[in-house]
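Reader: Before I build anything on this model, I would like to go through its sheets, its ligand site and its unusual backbone spots with you.

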Amino acid sequence: MEKIIISGGKKLKGDVTISGAKNAAVAVIPATLLVSDICRIENIPSISDITLMCKIMSEMGANIRMVNKNTLEIDTRKVASAVVSCDLIRNMRASFYITGALLGRFSKAAVSLPGGCNFGGIRPIDQHLKGFTALGANCKLDGGVVHVSSEKLIGNNIYLDVVSVGATVNIMLAAVKADGCTVIENAAKEPHIVDLANFLNCMGANVCGAGTDIIKVHGVKKLNGITYSIIPDQIEAGTYMVAAAATKGDVTINNVTPKHLESITAKLEEIGVSIEEKDESLRVYVNKDHLIRCNVKTLPYPGFPTDMQPQITALLSTVNGTSIVSEGVWDNRFGYVEELRRMGAQISVDGKMAVIEGVQRLKGATVRAPDLRAGAALITAGLCADGTTIIEEISHIERGYENIIEKLRSLGANIKKVTFDDDPINSVAKAL
Ligand code: EPU
């Protein structure tokens with residue numbers, strides 16, 4: 001069993017380079033299924049979600065070659081079936097993008113219901129299916145498998161009842177080769193939506209409006225394989241910004257798009273953190289003794305990201321005064337709060353709202369990472385806590401953060417990953 005061990009109290013100092021965006025890469029990789037050709041994708045983060053997506057695509061017949069650690073060559077010429085019977089698909093949410101891509105290429109798909117982080121019950125796909133249906137597909141759920149098929153996909157107007165990243169992606173993929181024009185209203189505006197649209201347009205698609213709440217997809221007959229580079233990861237960058245603030249450090253974060261980080265930058269400045277912005281980097285530092293409490297509400301982009309909610313909560317748990325964090329995207333994303341409480345945080349949760357009474361110091365404890373961003377929050381808490389924090393169930397963290405241990409160590413953190421022998425009598429920790 002692997003765990004992360006942190007001796008807290010070190011201020012993070014130095015430079016860190018951000019990897020490619022997980023949530024863009026997990027959309028662009030299945031999007032390559034739209035063509036029968038070869039695509040080369042650069043700036044792919046080296047994380048377990050990508051390994052899993054590549055395994056699923058390989059089982060479907062795609063030939064995937066790692067050109068180097070962060071570049072993949074994906075040859076989809078031998079993908080002939082629209083039926084995906086691979087069990088792995090249930091382990092990640094984004095695997096469901098394969099449905100939109102197969103529907104776009106073969107006019108049909110049969111794909112298992114997706115998995116992913118659990119934020120309070122089953123994550124719905126009604127808006128994905130609403131979109132496919134509007135394009136003329138028949139959709140039915142049978143034995144945990146979603147079947148979609150159509151004689152011919154025809155562009156249509158689709159108003160999303162909720163702003164959904166996943167539904168926006170899936171509808172874009174299905175609509176790219178449909179007849180006529182598809183209009184997605186109330187579309188998600190996240191940077192990864194724009195990145196996917198740019199990728200599709202480079203392949204020969206005609207997508208406009210990505211980044212606004214109305215996306216128009218004019219169907220095209222043919223797409224081509226291309227070389228494309230994924231944007232930097234907004235949430236990985238935000239996580240290092242918050243970690244720098246929580247440890248009262250001084251960190252320069254390279255390979256970022258500052259525009260994508262505006263809501264995080266604005267909130268950290270309100271808390272009293274200093275931020276200097278350059279074209280592709282940010283310096284984040286604290287030059288005062290006390291930060292200032294604040295309220296945060298998460299919203300779809302350009303609002304404060306829900307994927308930064310656990311990390312900012314960890315930071316605010318050591319800021320004097322009462323802060324309120326409201327979750328505006330997911331029904332239940334405060335499951336990790338009981339882990340922060342083990343570390344001495346004083347947080348009460350009422351539905352979609354957490355009330356934080358800042359304490360002076362957190363104390364190291366043994367905690368478990370219930371999901372990816374919660375894991376990042378526990379690392380943040382461990383970095384600024386007194387004593388030793390042991391984080392269990394770290395596979396969640398490795399789903400989305402490339403080399404997080406090495407990156408934090410290079411910033412001066414006292415953090416390591418250890419492997420424990422599962423046999424308790426023989427439980428010798430081996431530092432990696
Ligand atoms: N929703 C519906 N019906 C649907 C789809 C979504 O009601 O058909 C609701 C959800 O229940 C939720 C809201 O709409 O309340 C937003 O869900 P969305 O579809 O936008 O989420 P997602 O596409 O499943 C992506 C990210 C998540 C991120 C959310 C919100 C990927 C692979 N995942 O999920 O990222 O939290 O958007 O920004 O892009 C993470 O990276 O840690 C992560 C969980």
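The questions and answers below take up these topics in turn.

Reader: What kind of model is this, and what is the order of the strands in the open sheet that contains β18?

Author: The model is a predicted one, and the values discussed here are computed from it. The sheet with β18 is open and has four strands with mixed pairing. Its edge strands, each of which pairs on one side only, are β18 at residues 295-297 and β20 at residues 346-350. From one strand to the next the twist averages 15°, and the order of the strands is β18-β19-β21-β20.

Reader: In which sense do β18 and β19 pair, and which residue of β19 is the bridge partner of lysine 297?

Author: Strand β19 covers residues 322-326, and three bridges connect β18 with β19 in the parallel sense. For lysine 297, the bridge partner in β19 is serine 326.

Reader: In which sense do β20 and β21 pair, and which residue in their hairpin takes a positive phi?

Author: Five bridges link β20 and β21, and the pairing is antiparallel. Within this pair, valine 349 stands opposite alanine 354 of β21. The hairpin that the two strands form has two residues between them, and the residue with a positive phi, near 60°, is glycine 351.

Reader: Which helix packs on this sheet, and how many of its residues are buried?

Author: The helix is α9, residues 309-316, which touches β18, β19, β20 and β21, the last of these spanning 353-357, while its direction makes about 175° with that of β19. Residues count as buried under 20% relative accessible area, and among those of α9 that meet this are Gln309, Ile312 and Leu316. The helix is thus mostly covered, and the number of buried residues is eight of its eight.

Reader: Is methionine 353 buried, exposed or partly exposed?

Author: Methionine 353 belongs to strand β21, and, leaving out residues up to four places away in sequence, it touches Ile324, Val325, Ser326, Phe334 and Ser348. The C-alpha atom of methionine 353 is separated by 20 Å from that of isoleucine 122, a residue 231 places away along the chain. Because its relative accessible area is 31%, and the class between 20% and 50% is the intermediate one, methionine 353 is partly exposed.

Reader: Why is one side of β4 and of β14 left without a neighbour in the sheet?

Author: These strands belong to an open sheet of four strands with mixed pairing, in the order β4-β5-β3-β14. Both β4 (63-68) and β14 (227-229) stand at the edges, so the reason for the free side is that each has a single partner strand.

Reader: By how many degrees are neighbouring strands of the β4-β5-β3-β14 sheet turned on average, and what is the bridge partner of isoleucine 41 in β14?

Author: With direction ignored, the average turn between neighbouring strands of this sheet is 20°. Strand β3, residues 38-42, runs parallel to β14 and is joined to it by three bridges. Across that pairing, the bridge partner of isoleucine 41 is tyrosine 228.

Reader: Which residues lie closest to the ligand, and what percentage of its accessible area does the protein cover?

Author: The ligand is surrounded by 25 residues, of which the closest are Asp126, Ser164, Val165, Asp307 and Val329. Oxygen atoms of the ligand lie 2.9 Å from an N or O atom in the side chain of arginine 123, 2.8 Å from a polar side-chain atom of arginine 373, and 2.7 Å from a polar backbone atom of valine 165. Of the 820 Å² of accessible area that the ligand has on its own, the protein covers 90%.

Reader: Where is the proline of the cis peptide bond placed?

Author: Most peptide bonds are trans. The cis bond here joins tyrosine 301 and proline 302, with omega at about 10°. Proline 302 is placed in the loop between β18 and α9.

Reader: What is the relative accessibility of glutamate 393, and where does this residue lie?

Author: Glutamate 393 has a phi near 60°, a positive value in a residue other than glycine. Its place is the loop between β23 (388-392) and α12 (395-398). Glutamate 393 counts as partly exposed, and its relative accessibility is 38%.

How values were computed. Residues are numbered from 1 along each chain as its sequence is written. This is a predicted model: local features need pLDDT of at least 70, side-chain atom pairs count only at pLDDT 80 or more; totals for chains, interfaces and linings use all residues. Side-chain values use heavy atoms; hydrogens and water are left out. Two strands pair if DSSP finds at least two bridges between them. Axes are lines fitted to C-alpha atoms, for helices over the stretch in contact, and angles run from 0 to 180 degrees between N-to-C directions. Contact means heavy atoms within 4.5 Å. A residue is near a molecule or strand if one of its heavy atoms lies within 4 Å of it. A polar contact is a pair of N or O atoms within 3.5 Å; within protein, one must be able to donate a hydrogen and the other to accept it, and residues adjacent in sequence count only if both atoms are side-chain atoms. Accessible areas come from the Shrake-Rupley method with a 1.4 Å probe; for residues, only the protein chains shown count as cover. Buried means under 20% relative accessible area, exposed over 50%, partly exposed in between (1.4 Å probe, protein chains only).
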